[in-house]
Amino acid sequence: MTHKVYKALTIAGSDSGGGAGIQADLKTFQELGVYGMSVLTGVTAQNTRGVQAVHSVPVPMVEAQLQSIGTDLPPDAVKTGMLLGAEVIRQVASQICQFRWPNVVVDPVMIAKGGASLLQDEAVETLKSYLLPLAKVVTPNFPETEALTGLTLSSREDAKEAARMLADLGTSYIIIKGGHSAETERSVDLLFDGRDFTELDGPRIHTPHTHGTGCTFSAALAAGLAVGRSVPQAAQMAKAFIQSAIEQGLGIGSGHGPTNHWAWNARWTGEEASVWSRAMREERSNAKN
Ligand code: PXL
């Protein structure tokens with residue numbers, strides 16, 4: 001290898017169903033050409049119908065994983081997902097400081113689609129005071145924004161006020177995702193850089209298969225930052241990545257299915273799946289010749 005290998009780390013939980021959590025993150029890193037690493041905070045027993053069980057990894061084991069990464073494989077970007085409790089958050093924040101990890105993206109995961117809690121209520125304050133000040137970007141959806149700010153979001157102006165409040169906590173860029181907004185035709189994410197607002201606009205795709213969208217978006221954002229893109233550039237790319245992943249959903253499972261992490265790199269359809277990897281290889285070797 002003569003070119004630099006960009007590395008991204010996810011600090012998050014496992015989704016046995018493969019659509020969210022570290023599985024979504026690692027698939028996204030891989031698709032975007034970034035070497036993926038993971039620190040596991042917990043394990044969920046989960047499928048497209050919901051979360052059947054959650055089990056946390058002991059904090060000293062989370063610490064050991066962070067040390068293993070930090071002492072040998074410094075990441076170019078880091079994202080956090082499911083953190084479960086206050087003690088883990090303090091540990092993660094302390095190691096991010098110790099190793100001076102750059103490009104920290106915090107996806108403030110709180111509740112799974114079916115209602116299972118992925119962050120204890122009392123840990124929200126810890127997230128705000130310990131982790132958000134270290135973050136380059138925080139990516140809450142509407143319910144998470146409401147939990148973090150105490151505001152009720154019923155208009156774009158409310159979202160702007162919430163973004164200003166979050167910026168005051170010390171995070172450089174705020175992205176309030178519009179997937180849960182009341183808008184029926186568009187899904188608009190609001191990007192705030194501490195001064196100006198930019199809208200990341202996309203069509204709303206009407207589908208129940210949106211499991212893991214938040215994880216996938218924040219992982220794509222971290223991958224963009226890892227390779228040196230600016231936050232606005234990485235955010236635009238991440239928006240396009242998740243849009244194609246939702247549009248070309250896989251249609252697996254009987255509940256809220258996962259998105260298609262292949263979609264960005266290949267026009268994937270069911271019949272083509274078996275020939276997909278061969279076609280990709282041929283394309284690559286043709287491009288070289
Ligand atoms: O989408 C949030 C999320 C994050 N991490 C894990 C999850 C979920 C949602 O179900 O299971 C492990």
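## A pair of strands

V105 has V137 as its bridge partner in strand 6. Strands here are DSSP runs (E, at least two residues) and helices are runs of H or I of at least four residues, both numbered from the N terminus. This is a predicted model, with residues numbered from 1 along each chain as its sequence is written. Local features need pLDDT of at least 70, side-chain atom pairs count only at pLDDT 80 or more, totals for chains, interfaces and linings use all residues, and side-chain values use heavy atoms, with hydrogens and water left out.

Strand 5 (residues 104-106) runs parallel to strand 6 (residues 137-138), with 2 bridges between them. Strands count as paired if DSSP finds at least two bridges between them.

## The whole sheet

Zoom out, and there's an open sheet of 9 strands with mixed pairing, in the order 3-2-1-4-5-6-7-8-9. Strand 3 (50-56) and strand 9 (197-203) sit at the edges with a single partner strand each, so one side of each has no neighbour in the sheet.

## Around the ligand

Which residues surround the ligand? They're G13, S14, A20, G21, T44, Q46, M82, V109, A112, L118, H211 and C215, each with a heavy atom within 4 Å of the ligand. Strand 1 and strand 2 are the elements that give two or more residues to this shell.

The shell splits into 6 nonpolar, 6 polar and no charged residues. Here Ala, Val, Leu, Ile, Met, Phe, Trp, Tyr, Cys and Pro count as nonpolar, Asp, Glu, Lys and Arg as charged, and the others, Gly among them, as polar. As for Q46, one of its polar side-chain atoms lies 2.6 Å from an oxygen atom of the ligand.

Note on methods. Polar contact = N/O pair within 3.5 Å; in protein donor to acceptor, adjacent residues only side chain to side chain.
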